[in-house]
Amino acid sequence: MRPSLRHLVQSEDPVPSGSVLARLSESLAAMRGHGRGDGHDGDPLTDREGLLGDVEASRKAWFWATDSDGRIAYLTPRMIADLQLADDDLSTLALSDLVAPEGGSEGGSVARTLGFHFGGRTAFADVAVQAAHDPAVWWSLSGRPMLDAHGAYAGFRGFALDLSGSRRADAEIARLAHYDSLTGLPNRVLMRRTLQAALETEGKLKGQGDCGLFMLDLDRFKGVNDTLGHPVGDVLLQQVAQRLSHVVGDHGCVCRLGGDEFTVVVPDVDDRENLARLADAVIKRLSFPYTIGPSTISIGASVGIAISPFDGEDPDELLRNADLALYDAKAAGRGVHSFYQPQMHRDADDRRLLEDDLREALAKGQLRLAYQPVFDLATDRPCAFEALARWDHPERGEISPSLFIPIAEEIGIIGPIGEWVLRTALAEAAHWPDEIRIAVNISPLQFRSAQLPALVSNALAASGVAPDRLELELTEGVFVAEGDRIDAMFATIKQLGVRFALDDFGTGYASLANLKRLPFDTIKIDRSFVRGLSTDDGVDMRFISAIVALAESLGMTTTAEGAETAGEISVIRSLGCSRAQGYILGKAMDGGQAAALIAARSGRTLDAVEREPRAALLRRGQLCSEGETHPVRVRNISGGGAMIEIDPDAKISNAVVLKLSAAEQFPATVRWAHDRRIGVAFEQRIDVTRFWHNEPPTD
């Protein structure tokens with residue numbers, strides 16, 4: 001007959017101190033000592049067997065006993081059921097049969113540990129064991145030997161506590177210490193261990209290849225968080241991790257460092273070109289659009305690559321150099337990979353100095369605005385000016401906006417610079433005629449700022465410029481995240497009466513659906529489609545023609561950027577573009593020069609300027625522009641200018657020198673271009689009578 005719990009708990013023999021049973025026994029003894037009864041008086045509060053029965057029923061602990069031969073004499077009924085044992089089975093089992101023989105917490109043999117205590121008849125406590133029937137179940141066993149009434153050894157009895165929950169918690173803590181909780185990828189700690197192991201293997205195994213390390217950063221990810229919120233950003237990171245793991249596969253170990261930074265450890269690299277191909281595959285796959293809820297998100301990726309032992313022989317050095325290569329990839333325009341080069345250390349130091357200088361540039365008045373004219377091709381008059389930021393560094397000279405604007409975005413000062421540009425440009429435009437617009441570039445980061453509508457409204461009010469004279473230019477990067485917030489920002493600013501232009505169209509993420517949905521007034525065709533344009537270039541001509549047709553159907557105007565030759569102007573005009581912008585029409589100039597250009601063109605067209613008497617010529621000469629000399633033929637000349645025939649593919653700026661002989665050189669400005677002909681205005685009037693040669697002047 002199987003003994004009962006009452007039989008086990010009625011003994012007054014001592015139990016191991018500090019154990020659950022000890023605490024229960026001490027509590028019951030204290031009750032008896034205070035006159036609360038002996039535990040068997042029927043009082044449910046002091047019923048010792050009832051209390052221990054509650055412990056058994058809690059599933060947090062269970063009791064056991066063995067006879068003098070080591071066979072199980074008692075087991076909590078719940079455990080018999082959980083282990084699917086029959087009563088008859090107990091007499092054939094030892095306690096050690098219930099546990100995994102090698103599942104001890106100390107990594108040793110549980111069978112030996114329990115055998116030692118049972119064989120030596122010594123008490124034991126808190127021996128962690130793994131259940132034989134389920135590896136996810138862990139117990140803490142405690143027990144002591146028992147003597148019968150004659151002092152003879154009768155067996156063992158004890159209890160077990162369920163450790164499964166705490167074991168799972170410990171395992172989760174260990175997992176979180178080595179794996180990223182959001183993506184499930186190895187984290188920085190495990191990445192360093194993996195990289196260290198790869199480097200050690202590289203040095204020990206003969207024939208083992210080099211170890212490559214990718215440092216990867218997502219382009220435009222911050223805009224997703226700012227626009228759609230961090231929950232969407234988290235889902236995006238999870239999808240990025242899945243794509244990245246799929247592309248890399250067995251070639252390497254993908255890890256997440258934090259934020260939008262990932263690494264890929266690529267052991268046994270045998271070919272630099274293979275690394276380049278893998279990097280390109282990663283960039284391509286991560287750049288496909290993502291769909292999260294109602295939003296379609298377009299981001300990109302840049303990759304920096306370092307290879308051991310050439311670029312570093314320890315994890316810290318390799319990580320640092322891969323990071324420098326990543327910086328170089330981002331500076332090169334993003335969406336590319338870059339291999340580490342020693343020069344990158346010097347470039348990084350130089351960039352840090354530049355960042356510090358840029359933070360002070362606005363306060364020190366080193367920034368200025370230049371204004372590039374935009375011409376209406378129907379009238380050949382300037383109809384707008386684009387405000388362009390310029391930085392005059394006291395030591396480095398003029399620094400290109402393509403260099404300092406991305407830096408301003410990265411270090412978080414694009415907002416103050418953008419506000420200064422907007423207010424300064426509007427203040428300048430306030431002195432221009434009402435028909436001349438001012439265009440101001442707005443970065444995607446600025447556009448996502450909730451304060452932008454108030455800033456635009458305040459700047460317009462302060463300048464007195466009519467809202468419809470302001471055109472905000474946005475690049476296609478604004479479509480990195482499509483959602484209600486983007487639509488709301490467009491709608492709010494549009495209500496002010498401000499115009500919108502889509503800049504660099506054809507190079508980014510704009511879709512026809514976006515153009516239909518969002519209130520753009522102008523499409524600016526990227527200069528890459530205009531540069532070198534000729535009547536023989538069927539592809540670019542068809543592309544521009546299609547954009548013009550699309551814009552007209554949506555009620556938008558078109559501006560062709562980057563026109564540099566008379567031939568390009570001629571083709572652009574023939575394709576129906578509304579406006580053009582480029583060096584041949586006018587370089588960026590200061591406010592005073594812009595005002596002079598407006599005054600010179602006011603009320604007149606380039607082809608229909610009131611002409612003073614001129615001499616008809618068929619004289620060869622040269623036109624000098626930016627260090628290059630182009631053969632020309634002068635068709636006619638007056639005291640103020642000349643009409644010249646030139647190769648339509650010749651690249652000239654608006655500042656030129658007409659050279660008829662060594663003694664006849666006339667600085668001039670290009671005023672118009674059509675087909676093979678251009679019109680220039682001389683900086684100083686000349687005596688044109690010497691060219692008449694008994695021929696009457698023409699009107």
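## A five-stranded sheet

Let us start with an open sheet built from five strands, in the order E7-E8-E6-E11-E12, with mixed pairing. Strand E7 (253–258) and strand E12 (337–339) are the edge strands, and each of them pairs on one side only. From one strand to the next, the twist averages 20°. Keep in mind as you look around that this is a predicted model.

Within the sheet, strand E6 (residues 210–219) and strand E11 (residues 300–308) run antiparallel and are joined by nine bridges. If you would like one pair to find on screen, take Gly 212, whose bridge partner in E11 is Ile 307. As general background, strands of a sheet pair through backbone hydrogen bonds, either parallel or antiparallel.

Which helix packs on this sheet, touching E6, E11 and E12? That is helix H12 (residues 315–331), and its direction makes about 140° with that of E11.

## Where two helices cross

Further along the chain, helix H13 (residues 343–361) meets helix H14 (residues 401–410): their axes come within 10 Å and cross at roughly 80°. An angle from 65 to 115 degrees counts as roughly perpendicular, so H13 is roughly perpendicular to H14.

Which residues make the contact? H13 contributes Arg 351, Leu 354, Glu 355 and Leu 358, while H14 brings Leu 403, Phe 404, Ile 407, Ala 408 and Glu 410. Sorted by character, the residues of this contact of H13 with H14 comprise six nonpolar, no polar and three charged.

## A look at Asn 225

Asn 225 makes a nice stop for a single-residue view. Its place is in helix H9 (residues 221–228). Is Asn 225 buried or exposed? With a relative accessible area of 14%, Asn 225 is buried, because the cut-off for that class is under 20%.

Setting aside the neighbours within four places in sequence, Asn 225 is in contact with His 230 and Gly 233.

## The chain as a whole

Stepping back, the protein chain has 23 helices and 27 strands. It holds 699 residues, and buried residues make up 47% of them. The chain exposes about 33000 Å², of which carbon and sulfur atoms supply 51%.

How do the contacts spread along the sequence? Taking contacts between residues at least 6 apart in sequence, 63% join residues at least 24 apart.

Methods. Residues are numbered from 1 along each chain as its sequence is written. This is a predicted model: local features need pLDDT of at least 70, side-chain atom pairs count only at pLDDT 80 or more; totals for chains, interfaces and linings use all residues. Side-chain values use heavy atoms; hydrogens and water are left out. Helices (H or I, at least four residues) and strands (E, at least two) are DSSP runs, numbered from the N terminus. Buried means under 20% relative accessible area, exposed over 50%, partly exposed in between (1.4 Å probe, protein chains only). Contact means heavy atoms within 4.5 Å. Accessible areas come from the Shrake-Rupley method with a 1.4 Å probe; for residues, only the protein chains shown count as cover. Two strands pair if DSSP finds at least two bridges between them. Axes are lines fitted to C-alpha atoms, for helices over the stretch in contact, and angles run from 0 to 180 degrees between N-to-C directions. Angles under 35 degrees count as roughly parallel, over 145 as roughly antiparallel, 65 to 115 as roughly perpendicular and the rest as oblique. Ala, Val, Leu, Ile, Met, Phe, Trp, Tyr, Cys and Pro count as nonpolar, Asp, Glu, Lys and Arg as charged, and the others, Gly among them, as polar.
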